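Open the model in your viewer and keep the selection box handy. We will go stop by stop, and at each one you will hear what to select and what is there.

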Amino acid sequence: MLERACIILTAYIIDRVIGDPRWITHPVVYMGRVITWLEAKIRMFFPREEQLKQAGILFPIILVGGSFLCMWGLLTLLHLIHPWLAWVAEAWFISTTIATKGLAEAGMGIYRLLKQGKMEEARHALSMIVGRDTESLNEQEVSRGAVETVAENIVDAILSPLFYAAIGGAPLAMAYRAVNTLDSMIGYKNEKYRNLGWASARFDDLANYIPARLAALTLVFVSWVMRLDSRNCAIVILRDARRHPSPNSGFTEAGVAGALGIQLGGTNYYQGIPSHRAKMGEAHRPIEPNDIKETVDIMKWVSFFFLLLCLLSILTLEWI
């Protein structure tokens, strides 16, 4: 258990300092290729829509189970070669499941473009991390999109991988990343994936259930540490979190809205079609670019304290 704590700490440091180098193919890329291949095969053998709902269960079984077994097998093999080789590899693979640096860079990139008055570039940068239409968004709406994206990704991009790494090391962390990748690729409630992707979407909701609620508690504490409105943070989480379409993402999004005294949610457009999302928080003031920077700072502090919580839990189990 002590070794696992050291591995997770190293993985977190690697992510904060190095992130995901572009010259190394990320494991998620391979997962995406497998999902695309598997979808084609499933649609070939199960052409009718009523068959796809049952066939959709194959995605989490094959990809999630396969990711766990592949990672476990690789680490076992490396351990036979040399324990230190397995140690380094596990730290590296866990770091690829965490996206603290990448999420911060995405948010701060938009923040800097807005501060420089480069609206077109800021809209384009936002379009790289959201699915909504961004071509006609003003500064306030671009800022809202960036704040919402950073806030809602605190759980699935950082805290959940740390949570599962603490429980089961790199194999379980990579299995979680497979769950999240499935949800992002086929977990939609549209006509194409309503039946095929239902199991993947439900599995993602289940996997993030506990981390999202731990994230809410950590966010309230961080708001107090950062001298933000921690009381309002807690109030908005309790009142508004469940208004979010996702049963989990609303906790951090509502928490950030409450801590900053802003209102998130509202109307977004997807390929010209309006989509109305429940509002969270109160609009005590307009959203501005500085809120992006504040949200990134919140994200970093939440990830740090959640890491400490994971390490403390592991060490407590070791002492027991």
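**Before you zoom in**

The mean positions of the 31 positive and 30 negative charges of the protein chain lie 1 Å apart. Keep in mind on this tour that the model is predicted.

Now show the whole chain as a cartoon. You are looking at 12 helices and 2 strands. Trace the chain from the N terminus and the elements come in the order α-α-α-α-α-α-α-α-α-α-α-β-β-α. The radius of gyration is 20 Å, close to the 20 Å that the globule rule gives for 320 residues, so the protein chain is as compact as a globular protein of that length. Along the principal axes, its C-alpha atoms fill a box of roughly 60 × 55 × 35 Å.

Switch on the surface for a moment. The accessible surface comes to about 16,000 Å², and carbon and sulfur atoms account for 63% of that. Beneath it, buried residues make up 49% of the 320 residues. Of the contacts with a separation of 6 or more, 72% are between residues 24 or more positions apart.

**Stop 1: helices α4 and α5**

Select residues 58-81 to light up helix α4. This helix has 24 residues and spans 34 Å from its first C-alpha to its last, close to the 34 Å expected at 1.5 Å a residue. Show its side chains: the buried residues are F59, P60, L63, V64, S67, M71, L75 and L78. What covers them? Colour α2 (27-45), α3 (49-55), α5 (83-97), α8 (139-186) and α9 (198-225), which are among the elements that do so.

Go on to α5, with 15 residues and a reach of 22 Å between its end C-alpha atoms, close to the 21 Å expected at 1.5 Å a residue. Here A86, W87, A89, E90, A91, F93, I94, S95, T96 and T97 are buried. Their cover includes α1 (2-17), α2, α4 and α8.

**Stop 2: S160 in α8**

Select S160, which sits in helix α8. Is S160 buried or exposed? With a relative accessible area of 0%, S160 is buried. Display its surroundings and, leaving out residues up to four places away in sequence, you will find that S160 touches V155, Y176, N208 and P211.

**Stop 3: N195, between α8 and α9**

Follow the chain to N195, in the loop between α8 and α9. N195 is partly exposed, at a relative accessible area of 21%; the cut-off for buried is under 20%. Setting aside residues up to four places away in sequence, N195 touches E49, L52 and K53. Now draw a distance from N195 to T218: these residues are 23 apart along the chain, and their C-alpha atoms are separated by 35 Å.

**Stop 4: S223 and A259**

Select S223 in helix α9 together with A259 in helix α11. S223 is buried, with a relative accessible area of 1%, and A259 also counts as buried, at 5%.

Which residues does S223 touch, not counting those up to four places away in sequence? They are L228, S230, C233 and A259. Turn to A259 and, again leaving aside neighbours within four places, you will see contacts with S223, L228, D229 and C233. Try a distance here too: A259 and S230 are 29 residues apart in sequence and 5.7 Å apart in space, C-alpha to C-alpha.

**Stop 5: three loop residues**

Begin with R227, in the loop between α9 and α10. R227 is exposed, with a relative accessible area of 79%. Check the backbone as well: most residues other than glycine have a negative phi. R227 has a positive phi of about 60° although it is not a glycine.

Next select P245, found in the loop between α10 (230-240) and α11 (249-260). P245 is exposed, at 58% relative accessible area. Link P245 to R277: the two are 32 residues apart along the chain, with their C-alpha atoms separated by 7.5 Å.

Finish at Q271, in the loop between β1 (264-270) and β2 (273-280). Its relative accessible area is 77%, and Q271 is therefore exposed. Q271 also has a positive phi, of about 55°, although it is not a glycine.

Key: Residues numbered from 1 in each chain as written. Predicted model: local features only at pLDDT ≥ 70, side-chain atom pairs only at ≥ 80, totals over all residues. Heavy atoms only, no water. Helix = DSSP H or I, 4+ residues; strand = E, 2+ residues; numbered from the N terminus. Rg over C-alpha atoms; globule rule 2.2 N^0.38 Å. Buried < 20%, exposed > 50% of the residue type's maximum accessible area, 1.4 Å probe, protein only. Contact = heavy atoms within 4.5 Å. Areas by Shrake-Rupley, 256 points an atom, 1.4 Å probe, with all protein chains shown as cover. Lys, Arg positive; Asp, Glu negative; His and termini not counted. Charge placed at Lys NZ, Arg CZ, Asp CG, Glu CD. Expected span 1.5 Å × (residues − 1).
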